[in-house]
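Q: Could you take me through the salt bridges in this one, up close? I'd like to hear how the charged side chains pair up and what sits around them.

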Amino acid sequence: MRAGTAGGRAGRREPLSRHQLLLLGASFLITVGSFAVLPYMSVLLHSRWGLGLGTVGAVLAAASLIQFGGGVFGAALARRIGLRATMLTALTVRTAGFACFAPGGGGPVLAVVALLLVSSGAALYLPANKAYLVAGRPEEERPRLLALSGSVFTTGIALGPVAAAPFVLSEPTVLFGAVALLFAAVCGAHALLPPVRDGSRTGRAGRAGRTDLTDRGTGVRGRPPREPFAPAERAPFAYALLSVYVFMYFQHYLALYAIPRMSAASYGFLLMAYALLLAVLQPLLARWTAELPYGRALRLGFGAMALGTAGLATGGPVGIAAGAALMCWAEAVLFLRNELEALARSAAPAATVFGRQRLAAGFGAAAAALFGGPLYGAAERAGDTGLFWLAVAVQSLLLPVAGWAVGRARRDQAAARTTAPAPAPGSGPASPSPSGSGS
C-alpha cells in the first residue's frame, strides 16, 4: 500500500512554488558570497591583520564550532519567532558581519568579531532554510527538495572562490563591501516570503504528532513546547557525527597533502570538479538514496569513505582524484540519508531536526580538528603521510561498527528492563531488578 501511494505521488510531482524558487536562488547567492571570503580567511587573518598562525587556527576552530553547533540555537529561535523571521535575523547578522570586514583600517579584533558574526548568522540560517523548503510538502518530496538545496549550495561553493580570486588580496575592502551589499539584498528578498507552518508532521518515532505553528504571522500565541530528543533519533545523530568526523579529515588536510604532489592549479581544478560533481550527484541520486535501507546506506557510505581515503594514501594524482570522487559519492549519499532518517524518526518540527543534525556535524568537525593535526604530524615524523589516510580509512570502517555495537547493547538493556517479570502480589520480598533497583 505504501509503495503504491509513494508511486502515485511520485507520478504527480508538484512543481516548485515561486517562494521555493526564490529561496533556492537566494541560497545560491548566499553561498557564492560566503565562499568568496571564507576560504581565504586564514590568509587574510595572518597577512592582512597580522594574527599568528596559532591564533588563526584557534579563531577558525571557534568559528567552525559556532557555525555547525549553533544550529540548535537556530532551531530554538525558529520555534519561538518562526522560520521567516529566523532567516531574516540570520541574514541581518551575516550582513553586519561582512560589513565589519569592510573598513580598511579595522584591526584584528574587529576582524575576529566579524568572522564570529558571520558564523553565528550561518548557524541561525540553515535549519530554518531547510525547514521552510520542505514545509507543507509530503514525505516523498523531501529527498528531491533537500538534494536540490544541497546542489544549490554546492554550486555556490564551487563558484564563490573563483569569482573572488582576482580581488581578495588586491582589493579586499571592495570585496567585503560587495558581499555585504549582496547579503542586504538577499535579506530584503526573504522579506517577500510568506509565513509557513513548521509542524503538523509525524515521524516513525512519534505517530501522535502535533501541530506547532512557529511563525508569529499564524496568530498562535504562547511559548511553543520544547521537543524531547527521542531515543529513536539518537542513531541518525550519532552517525551524522561519525560521518562528518571522518569526512572533515579529508576537508581539512587534503590541501596539505595534495599540493606538494600536484600543481596548485591542478588542485584548484580538483576542488571545482569535486563541487560540481557533488552538485550533479545529489539530485540524481536523491530518490535512490531515500529508498536505501538505512543500514545499507551506512555500510555503503562509510565503505566509500574508507576506499576513498585509502586511494588518497597512494599519493599519485590518479589515486588522489579517485579518492576524491569516492568521497564525493559518500557525501552525496550518506549526508542526505542521515537527514532523511532523522526527519522520519522524529515528530519534532523540521527546523529542530536540522538543528540537531548540525550540532552533530559540529561535534564531528571539532573532533576531526582536534585529532587530525597530531595524527598528521605523527605520519610526517614517520616519513610517510600516506599512513595518515590509512588511519582515517581504518576509522571509517571501525567507528560505525562500534556505534552499532553500542546501540545494540543499549537496545538489549532497554528490552531487558521492559520484559522483566513483575513479582506476584503477596509473594514476599522482591528480588533486585535488572537495573539494580528494587520493585
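A: Glu339 and Lys130 make a salt bridge, with 2.5 Å between the closest N and O atoms. Keep in mind that this is a predicted model. Glu339 sits in helix H13 (residues 317-345) and Lys130 in helix H7 (residues 108-134), so this pair ties together parts that are 209 residues apart in sequence. Neither end hangs out on the surface: Glu339 and Lys130 are both buried.

Stay in H13 for another pair. Glu341 and Arg337 meet through their side chains in a salt bridge, at 3.0 Å from N to O. These two are four residues apart in helix H13, so about one helical turn separates them. That fits the usual geometry: an α-helix has 3.6 residues a turn, so residues three or four places apart point the same way. Glu341 has a relative accessible area of 3%, so it's buried, and Arg337 is buried as well, at 8%.

Then there's a little cluster: Arg137, Glu141 and Arg144 are joined into one network by salt bridges that share partners. Within that group, Glu141 pairs with Arg144, and their closest N and O atoms are 2.6 Å apart. Again, Glu141 and Arg144 are both buried. Altogether, the model has five salt bridges.

While you're looking at charged side chains, check out Arg356 too. Arg356 belongs to helix H14 (residues 350-381) and, with a relative accessibility of 12%, falls under the 20% cut-off, so it counts as buried. Its C-alpha is 6.8 Å from that of Gly71, although their positions lie 285 residues apart in sequence. H14 itself runs for 32 residues and spans 46 Å from first C-alpha to last, close to the 46 Å expected at 1.5 Å a residue. Still, there's a bend of about 35° at Gly372, with a proline, Pro374, following within four residues. Just after H14, Gly383 takes a positive phi of about 85°.

For contrast, swing over to helix H15 (residues 386-419), where you'll find Leu397. Leu397 has 51% relative accessibility, so it counts as exposed. Together with Val394 and Leu398, Leu397 forms a nonpolar patch on the surface, with about 290 Å² of accessible area between them.

One last stop is Thr31, in helix H2 (residues 18-35). Thr31 is buried, at 4% relative accessible area. Leaving aside residues up to four places away in sequence, Thr31 touches Phe153, Gly156 and Ile157.

Key. Residues are numbered from 1 along each chain as its sequence is written. This is a predicted model: local features need pLDDT of at least 70, side-chain atom pairs count only at pLDDT 80 or more; totals for chains, interfaces and linings use all residues. Side-chain values use heavy atoms; hydrogens and water are left out. Patches are made of residues with over 30% relative accessible area and no salt bridge: like charges are joined within 9 Å, nonpolar side chains (Val, Leu, Ile, Met, Phe, Trp, Tyr) within 5 Å. Accessible areas come from the Shrake-Rupley method with a 1.4 Å probe; for residues, only the protein chains shown count as cover. A salt bridge is a side-chain nitrogen of Lys or Arg within 4 Å of a carboxyl oxygen of Asp or Glu. Buried means under 20% relative accessible area, exposed over 50%, partly exposed in between (1.4 Å probe, protein chains only). Contact means heavy atoms within 4.5 Å. The expected span of a helix is 1.5 Å times one less than its number of residues. The bend at a residue is the angle between axes fitted to the seven residues ending there and the seven starting there.
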